[in-house]
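Reader: Hi! I am new to reading protein models, and I would love a close look at one part of this one. Could you pick a stretch and walk me through it slowly?

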Amino acid sequence: MSDFKEPLTYPNTRKSDQVDEYHGIKVADPYRWLEDPDSDETRAWVEAQNRVTFGYLETIPARGPLRDRLTKLWNYEKYGIPFKEGDRYFYFKNDGLQNQSVLYVLDDLDGEPRMLFDPNTLSEDGTVALSGMAISKDGKLMAYGLSTSGSDWQEWQVLDIDTGENLGDRIQWVKFSGASWTHDNQGFFYSRYDEPNEDTQFEDINYYQKLFYHRLGTPQSEDILIYDRPDRKEWGFSGGVTEDGRYLIISVWRGTDPKNLIFYKDLTRWESPVVELISDFEAEYSFIDNEGSLFWFKTDLDAPRGRVIAIDIDAETRTEIIPEVNETLEGVGTLNNQFVTDYLKDARSQIKIFNLDGSFVREVELPEIGSAGGFGGKRSDTETFYSFTSFTTPSTIYRYNMVTGETTLYRRPTVDFDPEDYETHQVFYNSADGTTVPMFVTHKRGIEFDGNNPTILYGYGGFGVSLTPSFSVSRLVWLEMGGVYAVANLRGGGEYGEEWHQAGMKLNKQNVFDDLIAAAEWLIDKKYTASGKLAIMGGSNGGLLVGACMIQRPDLFGAALPAVGVMDMLRFPKFTIGWAWTSDYGSPEDKEEFKALYAYSPLHNLEPGTVYPSTLVTTADHDDRVVPAHSFKFISALQAAHVGDNPVLIRIETKAGHGAGKPTAKIIEEIADEFAFLVRVLDIEI
């Protein structure tokens, strides 16, 4: 490795005299001008920062070999889980290094696949992605959404599956919505926002979503408004047609709060009103299926770890079907006239089958500790497919017979490594307040616990998101280098249900940071690593996590890699969908919540004259989920406050967004740069 130690000269970032007042407290915001991503000054700043960052990365000899190894390992066939509509099967496949996966169709499982849709042909650089799709009940039409440069905005079109030709329908300004076909195959329901200002569409706040029905062959201007609430600007609407085609189920969401409302419309009478079934934001209700007027839901009402209930919409009665247990109920579907339930036990999958009366049938035997997904299909289907993955097992697809309980291997990928060379342990450690927190730790077999292993500690801790075992090529490359990879299941996630989530939100958010700090201290105490060899990594809400922890304990970490992070906790509600996060973070407009936000906001808690860990911030110039201003302002303040030789840099991807639909080539380049950075700053010998 190189001994490059020449001090870095960062771009001179202009400071303005902008000051805001919150509840009587004056707060300076000198980098407010960076909130405009398209100004000439911001564009020049982006170019200047990237020159410094890429100039630094180019001096690291390991960068090229890392990119080559990532590319070689990445180059294996990746299959999605097959799913059936009409008499056809569909699946996604990536040959290895394709920027986007390709959709194939089969007339039967043993037949010859036909390529149906290749997103790679839509742009030369792979930055146009298939971001959503819905197949009509007869399996002959596909509504599909396209996203450009990682934006959340989608344009939907319709494809004739027999001919592969577009029908000419165009649906614009769709965001945070899928599509659901009526059973006459003549149209679909979707949700959209009003057309935004063309110049500020990637920053403007998103309010007043509306639910529409689009009939094939008609212009979008003639789409039928099904439901909107001009008096409730924060409400969003997800419309789904029941499997029997009789009802439209409308889930009403409010930001990222898991609590939702449930409305329905009788589709046998088009003039029927929208009926409010659940009209209070009292709990989460996830529609499973129905038998006539009997609706089944997964809910956390009076059951923070989840249960299944039935509501008869005619008799207006409620019945518990599957009661709450110690494990967390993540999802429920119906197959073979039975419930298929997905539970989490200490952040690992358990799949259990129940009859419709709630009586237990069997547990699906999984290969090892890991994550299972799939089990899709119709209620009458007697077979299904599922995928299984772990930290050392690439996603493998199995066929499952619902009648006999027999599992057979369907597709196993071939990756150039031996999983027996690695091992994963699940450990439990105590956080600052004594709470027990689980963590997965993966490494090469036989490593020495001498406190000298380069280690990545990854976390998220928010919005009820559960981190379960999964395979990634990038992680494998890190393990090959002798690295340790740890994933902490922090409070704020969903691993132990809604109580675990609430223990890490709003005024309890500091618990999340304490949990990650305690994980780092445990890894050091158990001699896995040392502070100078330890990097923390996270994205989006996890980027906030990394930013807060590196500021609260700059001595504890050798490196920090916050990706597309929420760094300005006082202005996050003012951009795109940021207002929706107040359900988890709280609002700066509330005095008590402001005090909590201001106390940990990464942008506002940097101390001048402090030696901060080596830092590589990553973001994208077109991120319209967490706008890049968060990262732009944070790195500017960090570069101004930081002293010492540790590099504090920002890598700004162009023509990219929050991460969804990012081309394979861009992913490999970014990971190679992150690992090269760690090789340099953690002094890793490779």
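Author: Happily; what follows is a walk along one helix, with a few other parts afterwards for company. Please keep in mind that this is a predicted model.

Let us begin with helix 2, which covers residues 63–74. Helix 2 has 12 residues, and the distance from its first C-alpha to its last is 16 Å, close to the 16 Å expected at 1.5 Å a residue. Now look at which of its residues are hidden: Arg63, Leu66, Leu70, Leu73 and Trp74 are the buried ones. If you look down the axis of helix 2, these buried residues fall within an arc of 100°, so they line one face of the helix. Turn to the face that points away from that buried side, and you will find the exposed residues Asp68 and Lys72. What do the buried residues of helix 2 pack against? Their partners are helix 1 (40–57), strand 3 (78–79), helix 3 (473–480) and helix 10 (664–681).

Helix 6, residues 541–552, makes a nice companion. Its 12 residues should span 16 Å at 1.5 Å a residue, and its end C-alpha atoms are 17 Å apart, which agrees. In helix 6, 11 of the 12 residues are buried, so this helix is largely enclosed by the rest of the structure. Among those buried residues are Leu544, Leu545, Val546 and Ile551.

Next, zoom in on a single side chain. His501 sits in helix 4, residues 498–502, and counts as buried at 2% relative accessibility. Its side chain makes a polar contact of 2.6 Å with the side chain of Asp584. Leaving aside residues up to four places away in sequence, His501 touches Asp584 as well as Pro258, Phe463, Gly464, Gly492 and Gly493.

Finally, here is how some strands compare notes. Strand 21 (residues 294–299) has five of its six residues buried, so the rest of the structure largely encloses it. On one side of the pairing, strand 20 (residues 285–291) joins strand 21 in the antiparallel sense over six bridges, with Asp289 standing opposite Trp296. Strand 20 and strand 21 form a hairpin with two residues between them, and Gly292 in the turn has a positive phi of about 60°. Strand 21 also pairs with strand 22 (residues 307–312), again antiparallel and over six bridges; there, Leu294 stands opposite Asp312.

Methods:
Residues numbered from 1 in each chain as written. Predicted model: local features only at pLDDT ≥ 70, side-chain atom pairs only at ≥ 80, totals over all residues. Heavy atoms only, no water. Helix = DSSP H or I, 4+ residues; strand = E, 2+ residues; numbered from the N terminus. Expected span 1.5 Å × (residues − 1). Buried < 20%, exposed > 50% of the residue type's maximum accessible area, 1.4 Å probe, protein only. Arc of directions from axis to C-beta. Contact = heavy atoms within 4.5 Å. Polar contact = N/O pair within 3.5 Å; in protein donor to acceptor, adjacent residues only side chain to side chain. Pairing = 2+ DSSP bridges.
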